[in-house]
Amino acid sequence: MPKSMCRLIFETVKWADGAPRLLPWHQERVGKAMELYGAADAPVPDLAAVLAFCPGPGSGIYKCHITYDTQGRVKAPVFAPYRPRRVKKLVCVEVPHLDYSCKWEDRTALEAVGAGLGGDEEALILRNGLVTDCLLYTSDAADDLIGVD
């Protein structure tokens, strides 16, 4: 994708008991996405600064969805209660041409990978026989599955 084309990218940050979790890790990913796809003069969005102006809920666990574009502009964060999904089966799906090098807001191609799976199944994405991603791990549940705070 050309750097001049403006597209939306997002981060979903775990928000627990009034504070973001793993913010440096998310900020690093924002920096890498802007390095790869951001306009030459675009600022790298500062997630801590964005969240300082949009305080979230004080208690409980939430998903904090932050959308920004390749020009470095950021939309106001959206908070939603976290509701974990129960996955009983991973299904390997070979997808040789899927590019999910950053978290694009348009997830049409990614969601198509899991189309047709049952409500308790999740796609384990393969490229050339190697695991590259899992729909579950590109979502908000990843922190809890691997025990990360």
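In this predicted model, E122 has a relative accessibility of 5% and therefore falls below the 20% limit for a buried residue. Its side chain nevertheless has a charged partner: E122 and R85 meet in a salt bridge, with N and O 2.4 Å apart. The pair joins distant parts of the chain, since E122 belongs to strand β6 while R85 sits in the loop between β4 (78-81) and β5, 37 residues apart. R85 itself is partly exposed, at 44% relative accessibility. Side chains of opposite charge can pair when their charged atoms come close.

A search of the whole structure gives six salt bridges. Among them is the contact between D69 and R73, where the closest N and O atoms are 2.7 Å apart. D69 has a relative accessibility of 7% and counts as buried. Another of the six is formed by the side chains of E111 and R107, at 3.8 Å from N to O. Here it is the arginine for which burial can be stated: R107 is buried, with a relative accessible area of 16%.

Strand β6, the home of E122, leads on to the first of two sheets to be described here. β5, β6 and β7 form an open sheet of three strands in the order β5-β6-β7, and the pairing is mixed. β5 (89-94) and β7 (130-134) each have a single partner strand, so these two stand at the edges with one side left without a neighbour in the sheet. From one strand to the next the twist averages 40°. Between β6 (residues 121-127) and β7 the pairing is antiparallel and runs over four bridges. Within this part of the sheet, L124 stands opposite C134 of β7.

The other sheet is open as well, with four strands in the order β2-β1-β3-β4 and antiparallel pairing. Its edges are formed by β2 (19-20) and β4, each of which pairs on one side only. Helix α1 (residues 23-37) packs on this sheet and touches β1, β2 and β3, and its direction makes about 175° with that of β1. Strands β1 (residues 8-16) and β3 (residues 61-69) are joined by nine bridges in the antiparallel sense. Two positions help to trace this register: L8 has D69 as its bridge partner in β3, and F10 has T67. D69 thus appears twice in this account, as the bridge partner of L8 and as the salt-bridge partner of R73. On the other flank, β3 and β4 pair in the antiparallel sense over four bridges, and the bridge partner of H65 in β4 is V78. In a regular strand the side chains alternate between the two faces of the sheet.

Aromatic contacts add further links. The structure holds two aromatic pairs. In one of them, the ring centres of W15 and F79 are 5.1 Å apart and the planes meet at 75°, so the arrangement is edge-to-face. W15 lies in strand β1 and F79 in strand β4, so the pair ties together parts of the chain that are 64 residues apart in sequence. The two residues can be told apart by their accessibility: W15 is buried at 4% relative accessible area, whereas F79 is partly exposed at 23%. In the other pair, the rings of Y37 and W104 have centres 4.8 Å apart and planes at 65°, which again means an edge-to-face arrangement. This contact also spans distant parts of the chain, from Y37 in helix α1 to W104 in the loop between β5 and α3 (108-113), 67 residues apart. Y37 is buried, with a relative accessible area of 11%, and W104 counts as buried too, at 4% relative accessibility.

These details can be set against the protein as a whole. It contains four helices and seven strands, following the pattern β-β-α-α-β-β-β-α-β-β-α along the sequence. Of its 149 residues, 36% are buried. Among contacts with a separation of 6 or more, 67% are between residues 24 or more positions apart. The protein exposes about 8,500 Å², of which carbon and sulfur atoms supply 56%.

Conventions. Residues numbered from 1 in each chain as written. Predicted model: local features only at pLDDT ≥ 70, side-chain atom pairs only at ≥ 80, totals over all residues. Heavy atoms only, no water. Buried < 20%, exposed > 50% of the residue type's maximum accessible area, 1.4 Å probe, protein only. Contact = heavy atoms within 4.5 Å. Areas by Shrake-Rupley, 256 points an atom, 1.4 Å probe, with all protein chains shown as cover. Pairing = 2+ DSSP bridges. Axes fitted to C-alpha atoms, helices over the stretch in contact; angles between N-to-C directions. Salt bridge = Lys/Arg side-chain N within 4 Å of Asp/Glu carboxyl O. Phe/Tyr/Trp six-rings, centres within 6.5 Å; stacked < 30°, edge-to-face > 60°.
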